[in-house]
Amino acid sequence: MNRIPTLDIRRFTHPAAPGDREAFVAELGAAYREWGFAGIRGHGIPTEQIDASYDVFKRFFALPEEAKRKYHVAGQGGARGYTPFGVETAKDSKHYDLKEFWHVGREIPRDSKHAAVMPPNLWPDEVPEFRQEAYGLYQALDQLGSRVLSALALHIDLPENYFADKTDSGNSILRPIHYPPITTDDIPNVRAGAHEDINLITLLVGASAEGLEVLSRKGEWVPFTADADTIVVNIGDMLQRLTNHVYPSTTHRVVNPPGEKARQPRYSTPFFLHPNPDFLIDVLPSCVTADNPSRYPEAITAHGYLEERLREIKLK
Ligand SMILES: O=C(O)CCC(=O)C(=O)O
Ligand SMILES: [Fe+2]
């Protein structure tokens, strides 16, 4: 497998031929074991919906700095609302990332047992359609992510619905990102420094401008720029830990484009699919073998793990 595979998820949801669903699960599983990344086509999220979401995100990022800063909540780890340029810094990196972003969280009843760790969303008054578009995209990616998790569960001999009751109140985040044009030469910072995602899986929609690179098992940076109708889905550290590294959380980064291309902005929107905050990340017995003994003797809650990791990337 010398390139990251892209698969059509309709083979899983509406298999046309007998056996094709099983073949899809096997191919998807193999792609993730090797790369921790795959492209997903046939996902059913209309292009118009993705374009309309990007339109409102771009309108928000085009607002004056003072307007955007009103939506920055200090001390909350950027959990909701706006995080300005110059804050997030990849773990172990000296230089902050060249990006600003917004976080949308799950809307839960305020008397939910998770309310203390899942604050209400903020919405920008200046862009009235932001709420509807952003939350519509949140829900669409949440549903698509559940389908991918079902296939990933089957591949490691878990029931298809294994993740359903562990993610139904997941602390998942939709993160529209703006990487502004780079106007100075020779800066040491990159758009997004090499990192692994914290969550179970990440779905990246519409990152059509080049820049995303994935570290292969051989240690080579492989550019992965998906077609407009392909959603990039990768494994995060929580799923890596739960599966005892059967599904690897692969290092990736966003590099600064060469020459004049650096003067163009880049927009992208990852959806970080998280488990419920009280889900206990404890290595699955089916992922422990003589060749791969348990790497994490201790269990940790999803919320405890998240807090630890946010401090490392300077969001807390
Ligand atoms: O912008 C991208 O394409 C990827 C962003 C990313 O990896 C992240 O925010 O975790
Ligand atoms: Fe990432």
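Two strands are taken as paired where DSSP finds at least two bridges between them. With that in mind, this briefing on a predicted model turns to the strand pairings and then to the shell of residues around ligand 1.

**Pairings of β2**

- Strand β2, which covers residues 37–41, runs parallel to strand β1 (residues 6–8), and the two are joined by 3 bridges.
- Strand β2 is also joined by 4 bridges to strand β11 (residues 231–235), and in this case the two strands run antiparallel.
- Gly39 of β2 has a partner in each of these pairings, since Thr6 stands opposite Gly39, while Val232 in β11 also stands opposite Gly39.

**The four-stranded sheet**

- An open sheet of 4 strands, with antiparallel pairing, follows the order β7-β12-β9-β10.
- Its edge strands are β7 (192–195) and β10 (221–223), each of which pairs on one side only.
- Neighbouring strands of this sheet are turned against each other by 20° on average, with direction ignored.
- Strand β9, made up of residues 212–215, is joined to β12 by 3 bridges in an antiparallel arrangement, and within this sheet Leu212 has Val254 in β12 as its bridge partner.

**The shell around ligand 1**

- The residues around ligand 1 are Arg175, Ile177, Ala192, Asp197, Leu204, Ala207, Leu212, His252, Val254, Ser268 and Pro270.
- Two or more residues of this shell come from each of the elements β12 (252–254) and β13 (266–273).
- By residue class, the shell divides into 7 nonpolar, 2 polar and 2 charged residues.
- Leu212 and Val254, which are bridge partners, are both among the residues around ligand 1.

Terms used
Residues are numbered from 1 along each chain as its sequence is written. Chains are lettered from A and ligands numbered from 1 in the order in which they are written. This is a predicted model: local features need pLDDT of at least 70, side-chain atom pairs count only at pLDDT 80 or more; totals for chains, interfaces and linings use all residues. A residue is near a molecule or strand if its C-beta atom, placed from the backbone, lies within 6 Å of it. Ala, Val, Leu, Ile, Met, Phe, Trp, Tyr, Cys and Pro count as nonpolar, Asp, Glu, Lys and Arg as charged, and the others, Gly among them, as polar. Axes are lines fitted to C-alpha atoms, for helices over the stretch in contact, and angles run from 0 to 180 degrees between N-to-C directions.
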